[in-house]
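I opened this entry to record how the strands are arranged and how one residue is placed. The notes follow the order in which I looked things up.

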Amino acid sequence: YPLTLDAATSLNLYANPAGPRTNNRSGMPFDPALYVYNAQGNLLYWSNETAFGDATLFDASMEGVELTAGSYTIEVRGFADVVAGPYKLVVERAG
């Protein structure tokens, strides 16, 4: 997903599974991984899991990601590019 910022911004990003994996493991949720690249294609940030206390979820999140003005690409893939599945992507201003 392309993202263009006119000014420096702090963002929260969340990728949550929205259904089962599409690799014949219908009982298991899709496990998204979240990536942020700059305009040159360099990986700036990534997240594979979200942890709440002692629980690790099949979600990916990044909070307080500081980006300067410019163009970026946000990508959601299955963990280790092994599986695919539906997901919900949320990008919001932090704070």
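I count two strands as paired if DSSP finds at least two bridges between them. The model I examined is predicted.

Entry 1, the S3 and S4 pair. I looked up strand S3 (residues 32-38) and found that 4 bridges join S3 to S4, the two running antiparallel. Within this pair, Val-36 stands opposite Tyr-45 of S4.

Entry 2, the S1 and S8 pair. I then turned to S1 and strand S8 (residues 70-78), which pair in the antiparallel sense over 4 bridges. Here I noted Thr-4 opposite Ser-71 in S8.

Entry 3, the sheet. I traced an open sheet of 4 strands in the order S1-S8-S3-S4, with antiparallel pairing. S1 and S4 (43-47) stand at the edges with a single partner strand each, so one side of each has no neighbour in the sheet. I read an average turn of 20 degrees between neighbouring strands of this sheet, direction ignored.

Entry 4, the faces of S1. In a regular strand the side chains alternate between the two faces of the sheet. I checked S1 (residues 2-5) and found Leu-3 and Leu-5 buried and pointing to one face, while Pro-2 and Thr-4 point to the other and are not buried.

Entry 5, Thr-9. I located Thr-9 in strand S2 (residues 9-17). Is Thr-9 buried or exposed? The relative accessible area of Thr-9 is 7%, and under 20% counts as buried, so Thr-9 is buried. I found its side chain reaching the backbone oxygen of Ala-7 at 2.9 Å. Leaving aside neighbours within four places in sequence, I listed Val-65, Glu-66, Leu-67 and Arg-93 as the contacts of Thr-9.

How values were computed
Residues numbered from 1 in each chain as written. Predicted model: local features only at pLDDT ≥ 70, side-chain atom pairs only at ≥ 80, totals over all residues. Heavy atoms only, no water. Buried < 20%, exposed > 50% of the residue type's maximum accessible area, 1.4 Å probe, protein only. Axes fitted to C-alpha atoms, helices over the stretch in contact; angles between N-to-C directions. Polar contact = N/O pair within 3.5 Å; in protein donor to acceptor, adjacent residues only side chain to side chain. Contact = heavy atoms within 4.5 Å.
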